[in-house]
Amino acid sequence: MSSAESDVMVVAGILPLFYGIIPTAVDEGPAETVTRNYVTRDSDGGRWFVKAHPAGTGLDAERQALELGRLARLGRIPVPVVRQALDGDLIAAAGGMAVTVTGSVENAETAEGGLSGARWAAVGETVGRLHRTLARHPSGPPRRVPAREVCDVQRDRQRLERLLARFAKKPPHVSGFPAWAQGTAARRLDALPAVAAMVKELPTSLTVQTVHGDLASPNLLLRGQRVAALIDFRPPGHRSPAWELGRIALDPRTVLAEPDWPTSLADAIAAYRTANPALPADELLAVPRIAAGLACSVHPPVRGRRRPGRTHPRTRGVRPRPACGHGRAVRAPAGSRGGAP
């Protein structure tokens, strides 16, 4: 039995013992940076998304992220339900693995294909309601900080230079993600003077508060012209809500495909302001400048990137793409409970 098959068996054993879910199938989904993902169908016809963390992973941050998503869901934000283990915990561990279980999202696709039409306003309205809800998080209310804490060109220049120095010591192959990361870091470094000129025009202070934390296009699921779900929250942390709005609304794949993006961005911002009027207007007007600060950022490599606009593995009726070449599924007879390996 391969390591991948063994992991699937562990997941198939954890689900009935710790969650009361009788799996009729456990399929592998795309791998992420740290976790391996699975989609399972249960004996009642339900579908669940299972995220497996390797042994030794610090789970406090994952619990905090799940709780943040649950708070958003209480505010009627479309967030998949978190399935509690039978002991009430949000995480169950056995067989050298810890797993979390959330509901699937039917017939949805990621925003990696870009925003268009009414999706702009739908995203703006959803993000506005999200930030209004998360402003009540126990970590503290929104507060103003100097703008350089949000966009610090000098800090990010140092980070990019350190990254490029590491690549220089051990050059990557001509193809693959490391080569792409090296080229992207070099282009971002070249763009810093233009970015610095843009962020000089920011307000002297900006609002920070608890936000989603990783609201990128793979974590925004769409169904038609509406937002189907926000997924993969990060642990609570104070960041600029205007930055988070700009990050998702001004994804380069959207901007490059939408010649009229300034007009559509205005629609998204207007919908955001209606949903969350507490954020000052000067910050909303500065969303493009704050988003330009992304050109300074150094993002970690992400495995298992999905093709633009593809249906997300959480969604119903779609067989997830196998990760790392492993595509086997363990199928249990209907009604059988199985046991932990």
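Which residue just after α2 takes a positive phi? In this predicted model, the residue in question is R76, whose phi is about 65° and which follows directly upon the end of helix α2. The chain to which this helix belongs contains 10 helices and 13 strands, and buried residues make up 49% of its 341 residues. Among the contacts in the chain with a separation of 6 or more, 74% are accounted for by residues 24 or more positions apart.

Helix α2 itself spans residues 60-74, and its 15 residues reach 21 Å from the first C-alpha to the last, close to the 21 Å expected at 1.5 Å a residue. Within this helix, E62, A65, L66, L68, G69 and A72 are buried; because these residues cover an arc of only 155° around the axis, they are placed on the same side of α2. The other side of α2 carries the exposed residues D60 and L74. The cover over the buried residues of α2 includes strands β3 (47-54), β4 (82-83), β6 (97-103) and β9, together with helix α3.

Helix α3, which is one of the elements covering the buried residues of α2, comprises residues 119-134 and contains R132. With a relative accessible area of 39%, R132 is classed as partly exposed, since that category lies between the limits of 20% and 50%. When residues up to four places away in sequence are not counted, R132 touches A275 and N276. A further relation across the sequence links R132 with P241, as the two are 109 residues apart in sequence while their C-alpha atoms are 9.9 Å apart in space.

Strand β9, likewise included in the cover of α2, also takes part in an open sheet of 3 strands, which has the order β8-β9-β12 and antiparallel pairing. The edge strands of this sheet are β8 (143-146) and β12 (238-239), each of which pairs on one side only. Between β8 and β9, the latter formed by residues 205-210, the antiparallel pairing extends over 4 bridges, and the bridge partner of R144 in β9 is T207. In general, the strands of a sheet pair through backbone hydrogen bonds, in either a parallel or an antiparallel sense.

Turning to the aromatic side chains, the structure holds 1 aromatic pair. This pair is formed by F177 and W180 and is tilted, with a distance of 5.4 Å centre to centre and an angle of 35° between the planes; the assignment as tilted follows because planes under 30 degrees apart would count as stacked and those over 60 as edge-to-face. Both F177 and W180 lie in helix α5 (residues 177-199), where they are 3 residues apart, about one turn of the helix. An α-helix has 3.6 residues a turn, so residues three or four places apart point the same way. F177 counts as partly exposed at 23% relative accessibility, and W180 is also partly exposed, with a relative accessible area of 44%.

Two arginine side chains are placed over tryptophan rings. The charged end of R83 sits over the ring of W48, at 4.9 Å from the centre of that ring, whereas R239 lies over the face of W243, with a distance of 3.9 Å from the ring centre. R239 falls within the residue range of the edge strand β12 (238-239), and R83 within that of β4 (82-83), one of the strands included in the cover of the buried residues of α2.

Definitions and conventions:
Residues are numbered from 1 along each chain as its sequence is written. This is a predicted model: local features need pLDDT of at least 70, side-chain atom pairs count only at pLDDT 80 or more; totals for chains, interfaces and linings use all residues. Side-chain values use heavy atoms; hydrogens and water are left out. Two strands pair if DSSP finds at least two bridges between them. Helices (H or I, at least four residues) and strands (E, at least two) are DSSP runs, numbered from the N terminus. Buried means under 20% relative accessible area, exposed over 50%, partly exposed in between (1.4 Å probe, protein chains only). Contact means heavy atoms within 4.5 Å. The expected span of a helix is 1.5 Å times one less than its number of residues. The arc is that of the directions from the helix axis to the C-beta atoms. Rings of Phe, Tyr and Trp (its six-membered ring) pair if their centres lie within 6.5 Å; planes under 30 degrees apart count as stacked, over 60 as edge-to-face and the rest as tilted. A charge sits over a ring if NZ of Lys or CZ of Arg is within 6 Å of the ring centre and within 35 degrees of the ring normal.
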